[in-house]
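Please open the model in your viewer and keep the sequence panel beside it, since this tour moves from one selection to the next.

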Amino acid sequence: MADEINGIITKPFALLERRFQGACEGAGYTLDLLFGSLLRIKDIRKRKTEVMEQISATAIGSLPVVLFTALFTGMILAVQAGIALAKFGQENTIGLIVSASMCREMGPVMTAFAITALIGSTIAAKIGTMKVSEEIDALEVMSINPRSYLVMPRI
């Protein structure tokens, strides 16, 4: 009976310990990958083509998503500001408020969110597919450092 009670009490703590340990291992692996890739920044001259492809994909590939995000955010802001300003008879300032707030505050934040989500998921899908199809292992077999070839140009 005492063993059952002891097991009931300690089981959640053991589960919590395993999850915390897994989170710490994942964070350690991620930091090791980041710092190892940053140390490979010296290979940027060898990887000019890959770096330029990543810059192009980030800048041009995310442009439609950023434009749609800005367009719809601006429209929603204009409607909400119009409703609030109509109470005070200041409908003529809606354009100024929307343009100022989108250019100064909301535009850069919404752009950062859109680019981070789009490019982050694209990179994760590409590298995940390469891992599943064992292309990363093939790079290692050919003595090509995956951090230098895959991760550094994307950073």
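Does I8 count as buried or exposed? Select I8, which lies in helix 1, and display its side chain: with a relative accessibility of 61%, I8 counts as exposed, because exposed begins over 50%. While I8 is still selected, add T58 and draw a distance between the two C-alpha atoms, which are 51 Å apart although 50 residues separate them along the chain.

Before going further, colour the chain by confidence, for this is a predicted model. The mean pLDDT of the protein chain is 86, and 95% of its residues reach 70 or more. Among the elements of the chain, helix 3 (residues 63-86) has the highest mean pLDDT, at 90, whereas helix 6 has the lowest, at 82, a point to keep in mind when the tour arrives at helix 6.

**Helix 3**

Stay with helix 3 and select F68 and F72, which form an aromatic pair of the stacked kind, with 6.3 Å from centre to centre and 20 degrees between the planes. Because F68 and F72 are four residues apart in helix 3, about one helical turn separates them. In an α-helix there are 3.6 residues a turn, so residues three or four places apart point the same way. If you switch on a surface, you can compare the two rings: F68 counts as exposed at 52% relative accessibility, while F72, at 45%, counts as partly exposed.

**From helix 1 to helix 6**

Next select D32 and R147, and show their side chains as sticks. The two residues form a salt bridge in which the closest N and O atoms are 3.0 Å apart. D32 lies in helix 1 and R147 in helix 6, so the pair ties together parts that are 115 residues apart in sequence. The count of salt bridges in the model comes to one. Both partners are partly exposed, D32 with 42% relative accessibility and R147 with a relative accessible area of 23%.

Keep R147 in view and add N145, where helix 6 starts: a side-chain oxygen of N145 reaches to within 3.0 Å of the backbone nitrogen of R147. Then extend the selection along helix 6 (residues 146-154), in which P146, S148, L150, V151, M152 and P153 are buried.

Now select L31, L34, F35, L38 and I155 with the surface shown, as these residues form a nonpolar surface patch with about 460 Å² of accessible area together. One of them, L34, has its place in helix 1 (residues 2-39) and is partly exposed, with a relative accessible area of 34%.

**Two loop residues**

For the last stops, turn to the backbone. Which residue in the loop between helix 4 (94-132) and helix 5 (135-141) should be selected? Choose E134, which is found in that loop and has a positive phi of about 65 degrees although it is not a glycine. With a relative accessible area of 53%, E134 is exposed.

Finally, move on to S143 in the loop between helix 5 and helix 6, where you will find a positive phi of about 60 degrees, again in a residue, S143, that is not a glycine. At 70% relative accessibility, S143 counts as exposed.

Definitions and conventions. Residues numbered from 1 in each chain as written. Predicted model: local features only at pLDDT ≥ 70, side-chain atom pairs only at ≥ 80, totals over all residues. Heavy atoms only, no water. Buried < 20%, exposed > 50% of the residue type's maximum accessible area, 1.4 Å probe, protein only. Polar contact = N/O pair within 3.5 Å; in protein donor to acceptor, adjacent residues only side chain to side chain. pLDDT = per-residue confidence, 0-100. Patch = residues over 30% accessible without salt bridge, like charges linked within 9 Å, V, L, I, M, F, W, Y side chains within 5 Å. Areas by Shrake-Rupley, 256 points an atom, 1.4 Å probe, with all protein chains shown as cover. Salt bridge = Lys/Arg side-chain N within 4 Å of Asp/Glu carboxyl O. Phe/Tyr/Trp six-rings, centres within 6.5 Å; stacked < 30°, edge-to-face > 60°.
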